[in-house]
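Work through the exercises below with the model open. Each task is followed by a solution in steps.

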Amino acid sequence: MTETARSPQPSTSSTAGSARPRLRRVRPYQRTVGDVAAELASSLGYDLVPWQRQLLLDMGALGGDGKWAHPRVGMSIPRQQGKSVGLIVWVCVLSALMGYKVLWTDHNYSTTCEMLSRFRDMFGRRPADATAKHKAYNRRVTHVNNKTAQEAFEFKGGGVLAFSTRTKSAALGYSFDVVIYDEAQELTGEQVQAIAPTMSSGAAHNPQSVYLGTPTRAGSAAESFQEVRADAWVGGESAADLCWTEYGLDEVGDVADESRWLRANPSLGALANFAAIRMGMRSGMGELAFAQEYLGYWLPKVADAVVSAKEWGECQAPPP
């Protein structure tokens, strides 16, 4: 496989499933454990569409040393496209079958609870849980911690899947091999600084950070996802350890033009439907917000300030 810097936009006559990544950057690889994860998706109750399967192949790519070809993985995907599905399958295989310790982080506690509920349905709430949907995976569960803010599954083989809502300081009871930054558009440098050190002593000695989100909103102080994306677009040494997949359009344009929706949304007409996006149109958000959330539009980078926000903040003094 070869690195692809930019993918051309499909024509306006696009049909369901015809969306192509605006940018897909991968290192060349010959081997991947992503194919195993993709084959096991149905055993977890998921039917993957082609772009989700490709994400798994890229995430699971192996270098010549047997380590991840992409220690950093980033995905910018519009809403309502099933962007979490590939990651759910990935972390299930890593933790339950491969013995990796995985941390799933979200910006909002409500999202953490939603994701935790999905995994509880699959794995159960305890070992030998008769209510678990997938008994084969529940049989691998050795312990479940249901204490608030310490939720985790532990598996035979030493694997762990833990959940955390992001804060400026991490009080986590494990060392991790893989960290998932869900809702990455809200991720700040302070949060990364608190979480990233948990991978420094991961038992697998094969760390991977995965960023999943939509374009960072106008005025947001969350800079980490933007920085990862900037590395992907610059390429070269900045992206030497990075896999990046981005679906979206390069201008706001006519947000009511549904033919443009097909160009930006890889699951539209398959897992996703027009009705869900039309609801977004009727929600009252402005054209720019709609383009960012549902068309994957990123704001252009403004020129660097003479004085950075960090430098300006360091000048702050207490009131007299």
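Helix axes here are lines fitted to C-alpha atoms over the stretch in contact, and angles run from 0 to 180 degrees between N-to-C directions. Angles under 35 degrees count as roughly parallel, over 145 as roughly antiparallel, 65 to 115 as roughly perpendicular and the rest as oblique. The model is predicted.

**Exercise 1.** Describe how H3 packs against H4.

Solution.
- Step 1. Take the geometry. H3 and helix H4 (residues 109–123) pack at about 55 degrees, and their axes lie 12 Å apart.
- Step 2. Classify the angle. H3 is therefore oblique to H4.
- Step 3. Assign the hand. H3 and H4 make a right-handed crossing.
- Step 4. List the contacts. H3 supplies Ser 84, Val 85, Ile 88, Val 91, Cys 92 and Ala 96; H4 answers with Met 115, Arg 118, Phe 119, Met 122 and Phe 123.
- Step 5. Sort them by class. The contact of H3 with H4 holds nine nonpolar residues, one polar and one charged.

**Exercise 2.** Do the same for H2 and H3.

Solution.
- Step 1. Helix H2 covers residues 50–59 and helix H3 residues 83–97. Their axes come within 9 Å and cross at roughly 40 degrees.
- Step 2. H2 and H3 are therefore oblique to each other.
- Step 3. The hand of the H2 and H3 crossing is right-handed.
- Step 4. From H2, the contact residues are Trp 51, Gln 52, Leu 56 and Met 59. From H3, they are Lys 83, Val 85, Gly 86, Leu 87, Val 89 and Trp 90.
- Step 5. By class, the contact of H2 with H3 has seven nonpolar residues, two polar and one charged.

**Exercise 3.** Which residues touch the most other members of the largest nonpolar core?

Solution.
- Step 1. The largest nonpolar core has 49 residues. Phe 119 and Phe 123 touch the most other members.
- Step 2. H3 gives the most to this core, with 10 residues.
- Step 3. Follow Phe 123 beyond its neighbours within four places in sequence. Its contacts include Cys 92 and Ala 96. Among the others are Ala 132, Tyr 137, Val 141, Phe 153, Phe 155 and Leu 161.
- Step 4. Apart from the largest core lies another, of 21 residues, with Leu 23, Leu 103, Ala 162 and Ile 195 among them.

**Exercise 4.** Is Ala 61 buried or exposed? Place this residue in its surroundings.

Solution.
- Step 1. Ala 61 lies in strand S3 (residues 61–62).
- Step 2. Buried means under 20% relative accessible area. Ala 61 has 0%, so this residue is buried.
- Step 3. Leave out residues up to four places away in sequence. Ala 61 then touches Tyr 29, Arg 31, Thr 32, Lys 67, Trp 68, Ala 69 and His 70.
- Step 4. Check one pair. Ala 61 and Gln 30 are 31 residues apart in sequence, but 7.7 Å apart in space, C-alpha to C-alpha.

**Exercise 5.** Examine two non-glycine residues with positive phi, Ala 128 and His 205.

Solution.
- Step 1. Phi is about 55 degrees at Ala 128 and about 50 degrees at His 205.
- Step 2. Locate them. Ala 128 is in the loop between H4 and helix H5 (135–138). His 205 is in the loop between helix H6 (189–195) and strand S10 (208–213).
- Step 3. Exposed means over 50% relative accessible area. Ala 128, at 73%, is therefore exposed. His 205, at 60%, is exposed too.

Technical notes: Residues numbered from 1 in each chain as written. Predicted model: local features only at pLDDT ≥ 70, side-chain atom pairs only at ≥ 80, totals over all residues. Heavy atoms only, no water. Helix = DSSP H or I, 4+ residues; strand = E, 2+ residues; numbered from the N terminus. Left-handed = near helix turned anticlockwise from the far one by under 90°. Contact = heavy atoms within 4.5 Å. Nonpolar A, V, L, I, M, F, W, Y, C, P; charged D, E, K, R; others polar. Core = buried A, V, L, I, M, F, W, Y, C linked by side-chain atoms within 4.5 Å. Buried < 20%, exposed > 50% of the residue type's maximum accessible area, 1.4 Å probe, protein only.
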